[in-house]
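Let's walk through this one together, a few questions at a time. Have the viewer open and follow along.

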Amino acid sequence: MRDRYGRDIYYLRISITDRCNLRCIYCMPNGIVNYIPHKDILRFEEISEIVDSATEIGFSSVRITGGEPLVRKGAPKLVGLLKEIKGIKRVTMTTNGILLNKYAEELKEKGIDSINVSLDTLDTKKYRLITRNGNLNDVLSGIEKALNIGLDIRLNVVLQKGNVDEIKELIRYSKTMGVSIRFIEYMPLDSCINLSEGSFVSSGRMIELIESEFGPIEETDYVVGDGPAKYINIKSIGIYMGIISAVSTPFCSSCNRIRITSNGIVKPCLASNIGYDIRNVVRRGHKREDITDVLIKAIDDKPLKHHLTDGNSNIEMRKIGG
Ligand code: SAM
Ligand code: SF4
């Protein structure tokens, strides 16, 4: 469906839990976190019904995210349910990869189309610092397992002052493993600790660093999946890699998505303060149009551009799922 600015909105990002087995410094607060009670979380059948209805207004691609989606019991089962929906062409997931080794086979069996794995560093100690005690080897073994069984894996790196020195190693790792890699600008959010002053690394700076190591790059129109990454060709080593510059060069004019939180709030934009409750609709007597009506309202409310940098950053990534 086209929104009022002519953008084609066909991509649904669904957070299936606000819980996580990591506590990344730029995403989760350190102290006690008030989780959404289980009774308020959309059940898989409810998600499946929402997605099925969403196909009627042109949605064809779904990403399952979190918190950490693989901590929710039966997450691969949801992949299977969504893959059965006529009109859904792609079902993907974003995960921190900690449980990927355990679930890779089941995800493959259920037909997942691709998996984004978040990996900010190849250094065990730094990984522990960034994720507040995560074990890097769990992720690396998950990636290997997934690749060995033929899953399509892509790497997501949030680049900031604490890991910017690893940009070249991460690019080389992606080349060695034969996987696509994307560097994401860190978004300062009020809901968790802001990394120290000067932590932000712009996409322009990323390109400078890449060129200083690998020589001139070439900008391309290459498109991978439904994401907003701009791809560059690093000619000297023959790889295409993505940069997601949500802060310095927002890609709002080509935005194709809306989001649903795990408790059923439909968000027109990552940075929206408003949301529409879809859980109440699926939990009471309803017709299919009642579900699509909520989605249409959210699409109608999509802003022309996000307000991440206007001091309106009170978003909680762990609830919205990135
Ligand atoms: N737990 C899963 C994971 O980490 O991949 C999925 C949810 S996580 C919120 C989705 C993505 O958002 C991850 O790639 C994560 O690195 C990114 N993210 C979280 N906080 C961020 C921030 N402040 N700025 C930029 N990206 C962020
Ligand atoms: Fe968990 Fe993902 Fe947030 Fe890290 S980025 S704390 S893995 S939800």
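Two strands count as paired if DSSP finds at least two bridges between them. Keep in mind that this is a predicted model.

Q: Which residue of β8 does Glu-218 stand opposite?
A: Start with the strands: β7 pairs with β8, residues 230-234, in the antiparallel sense. Three bridges hold that pairing. Opposite Glu-218, in β8, you'll find Asn-233.

Q: Which strands stand at the edges of the open sheet, each with a single partner strand?
A: The sheet has 12 strands with mixed pairing, in the order β7-β8-β9-β6-β5-β4-β3-β2-β1-β10-β11-β12. The two edge strands each have a single partner, so one side of each is left without a neighbour in the sheet. They're β7 (217-219) and β12 (276-277).

Q: Which residue in β10 is the bridge partner of Arg-13?
A: On one side, β1 runs parallel to β2 (residues 61-65), joined by five bridges, with Ser-15 opposite Thr-65. β1 also pairs with β10, residues 257-260, in the parallel sense over four bridges. In β10, the partner of Arg-13 is Arg-259.

Q: How many of the five residues of β1 are buried?
A: Check one side of β1 and you get Tyr-11, Arg-13 and Ser-15, all buried. Flip to the other side and Leu-12 and Ile-14 are buried too. In a regular strand, side chains alternate between the two faces of the sheet. The count for β1 is five.

Q: How many residues of the shell around ligand 2 are charged?
A: The residues around ligand 2 include Cys-20, Arg-23, Met-28 and Asn-96. Five of the shell are nonpolar and two are polar. The charged count is one.

Definitions and conventions
Residues numbered from 1 in each chain as written. Chains lettered and ligands numbered in written order. Predicted model: local features only at pLDDT ≥ 70, side-chain atom pairs only at ≥ 80, totals over all residues. Heavy atoms only, no water. Near = heavy atom within 4 Å. Nonpolar A, V, L, I, M, F, W, Y, C, P; charged D, E, K, R; others polar. Buried < 20%, exposed > 50% of the residue type's maximum accessible area, 1.4 Å probe, protein only.
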